[in-house]
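Please open the structure in your viewer and keep the selection panel at hand. The tour below goes from stop to stop, saying at each one what to select and what is to be found there.

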Amino acid sequence: MAAPWDELLRDQPALREAATVAVDSALLEGVLMRTEGQPNASDVVNFAPFTLLPSAVPSALFEQAYAVQQDFNLLVDAISQNKEFLEQTLASTIKVDDFTAQLFRIHTQVLEEGLAQSVFLGINRSDYMFDCGPDGSPALKQIEINTIAASFGGLTSRTATVHGRVLKVLGKSEEASRLLPNNPARGLALGIAKAWELYGSVSAVVMFVVEEIQRNIFDQRCVENELWNRNIRVLRRQFREVFEQGCLDDARRLYVDGQEVAVVYYREGYVPKNYDQQNWEARLLLERSRAVKCPDIATQLAGTKKVQQELSRPGTLEKLLPGRAEAVARIRATFAGLYSLDRGEEGDRMAAMAIADPDRFVLKPQREGGGNNLYGEELRQVLEKIRDSPERTSYILMDKIKPQPAKNYLLRAHSPLQVSECISELGIFGVYVREGKEMVMNKAAGHLLRTKATEHADGGVAAGVAVLDTPYLV
Ligand code: ADP
Ligand code: MG
């Protein structure tokens, strides 16, 4: 990828000045986060970390990522309705992974009772890196698809303005004018609003289920405000509050604090630490209700790493999306090598291969939120330890994607300005709404570029590793 800023990167005084402008612009535009010290107070805020310069993204791969998003929406939706596929795929995983097992129990219980929900809303984000082939040409490879609590669609709608200003300050007005507008928060809100409308009760509210620690509240407020602009009421509640204040009526309409809830939008509930016994009960209550869950529990399961690995098996996509050969081909083109570690010949062979050549792979447990994967020497040690134990099946193995690094400055509060070798991850937001069997909305809703220094193998923005960025198409 031709780095368009080589010359700029050598002009230290200009970059220093631009960094000051960048931080003030970020604060003005609302690229904000609460602080680590006071994660639940908005009286002290700071800018969310971001790159000084926009990063180069090959335009063909950017377009490819947008072009496949509706296919991924259809795929996730199809998986969520395919009880047998989820059951077979997760059978080995739920024997050893308690968290996935608990989600699966709720899924089974809800299906046994019969679904009260008839409108379905999916908001996902498919993440990619640009794998550098032997000939140096980059290819779009999916890292994962997030089907629950995909974040930063709000803050990222403000980064292009900040980067545009930085480029102007650095004498690059032409380049600044080429940055693409991007507003995922609006797209997500349109999906939520559509689901709310189809639910069909004007007095019902949208409930955001939020974490106890809410550092990223401004990102959520961007989506929330789009709903208020459409005169849709929004509640923010934690699982604990749902447990205390929530109930279902005879028709399984959900009431929280006396207010009927049309849409439940989870910005929490994706990691074990989000749950205690009460929170699980609250989750079950929500899943049993008529309210539109974003996502419902089946769609959350569709986003597990085990499902991702099974999708890469020959023939699986064709079965899930019958009669859609072109969509299947577009989806498959983005897959990196993914391998099962289930017990048996195939798993034994892959475990041995990864132990022999750990730098070729990433070892992934069924977890979300960054910082869980294993690489290199650590991968080898862990895999050697669990090689002959059932625990092995709670992981999948993936080919390591190796993007071409580029230089940039990562701006973080209280950190010195210094150049880093960086790699980027592109996410495309997808939104869809289904009523009964009919898709009534299926869209790509915008993008998110996150960039991190190459010394960190893993971790997102919330984990303090990656920072927000804006693609500069080349
Ligand atoms: P999580 O659900 O924790 O976000 P991901 O699969 O997205 O899990 O992995 C977290 C991070 O690890 C990614 O953002 C990326 O930086 C890195 N990573 C994941 N898979 C790969 C891969 N196959 N090759 C290289 N890096 C990877
Ligand atoms: Mg991820």
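What follows is a walk through a predicted model, beginning at the ligand and going on to a pocket, two cavities and two points of the backbone.

**The ligand and its shell**

Begin by selecting ligand 1 together with its surroundings, where 22 residues make up the shell and K305, K364, G370, E425 and K452 are the closest of them. With K305 in view, look for the polar side-chain atom that lies 2.7 Å from an oxygen atom of ligand 1. Then move to G370, where it is a backbone N or O atom that lies 2.6 Å from an oxygen atom of the ligand. Add D458 to the selection as well, since a polar side-chain atom of this residue lies 3.3 Å from an oxygen atom of ligand 1. How much of the 540 Å² that ligand 1 exposes when taken alone does the protein bury? The protein buries 94% of that area.

Next, colour the model by secondary structure and pick out β6 (138–146), β14 (361–365) and β16 (395–399), each of which supplies at least two residues of the shell around ligand 1. If you colour the shell by residue class instead, ten of its residues appear as charged, seven as nonpolar and five as polar. Colouring by domain shows that domain 1 (8–336 + 401–473) and domain 2 (337–400) each contribute at least three residues to the shell around ligand 1.

**The second largest pocket**

Now leave the ligand and select E36, F47, P49, R215 and A413, which, of the 15 residues lining the second largest pocket, are the closest to its centre. The space in this pocket amounts to about 320 Å³. Two strands to highlight here are β1 (32–34) and β2 (45–47), for each of them supplies at least two residues of the lining. By class, the lining of the second largest pocket holds seven nonpolar residues, with four polar and four charged ones.

**The cavities**

Rolling a probe the size of a water molecule over the atoms shows where empty space is left. Over the whole structure, a search finds four cavities of 30 Å³ or more, and two of them are visited here.

For the largest cavity, with a volume of about 140 Å³, select Y270, Q300, G303, T304 and E368, which lie nearest its centre among the 15 lining residues. Show α5 (98–113) and β6 alongside, as each supplies at least two residues of this lining; the largest share, three residues, comes from α5. The lining of the largest cavity divides into seven polar, five nonpolar and three charged residues. Where does the largest cavity lie with respect to domain 1 and domain 2? Both domains give residues to its lining, so the largest cavity lies between them.

For the second largest cavity, which holds about 110 Å³ of space, select Q142, I145, A302, Q308 and L311, the residues nearest its centre in a lining of 14. Here α3 (69–80), β6 and α13 (305–311) each supply at least two lining residues, and the largest share, four residues, comes from α3. By class, the lining of the second largest cavity has nine nonpolar, four polar and one charged residues.

**Two points of the backbone**

Finally, switch to a view of the backbone, bearing in mind that most residues other than glycine have a negative phi, and most peptide bonds are trans. Select C294 and P295, where the peptide bond from the one to the other is cis, with omega near 0 degrees. P295 is found in the loop between β12 (292–294) and α12 (297–302).

The last selection is A149, which has a positive phi of about 55 degrees although it is not a glycine. A149 has its place in the loop between β6 and α6 (159–169).

Terms used: Residues are numbered from 1 along each chain as its sequence is written. Chains are lettered from A and ligands numbered from 1 in the order in which they are written. This is a predicted model: local features need pLDDT of at least 70, side-chain atom pairs count only at pLDDT 80 or more; totals for chains, interfaces and linings use all residues. Side-chain values use heavy atoms; hydrogens and water are left out. A residue is near a molecule or strand if one of its heavy atoms lies within 4 Å of it. A polar contact is a pair of N or O atoms within 3.5 Å; within protein, one must be able to donate a hydrogen and the other to accept it, and residues adjacent in sequence count only if both atoms are side-chain atoms. Accessible areas come from the Shrake-Rupley method with a 1.4 Å probe; for residues, only the protein chains shown count as cover. Ala, Val, Leu, Ile, Met, Phe, Trp, Tyr, Cys and Pro count as nonpolar, Asp, Glu, Lys and Arg as charged, and the others, Gly among them, as polar. Domain bounds come from an automatic or database domain assignment. On a 1 Å grid over the protein atoms alone, a cavity is a set of points where a 1.4 Å probe fits but cannot get out, and a pocket is an open set with protein on both sides within 12 Å along at least five of seven lines; lining residues have an atom within 4 Å of a point. Grid points are joined across faces, edges and corners, and a volume is the space filled by probe spheres set on the points.
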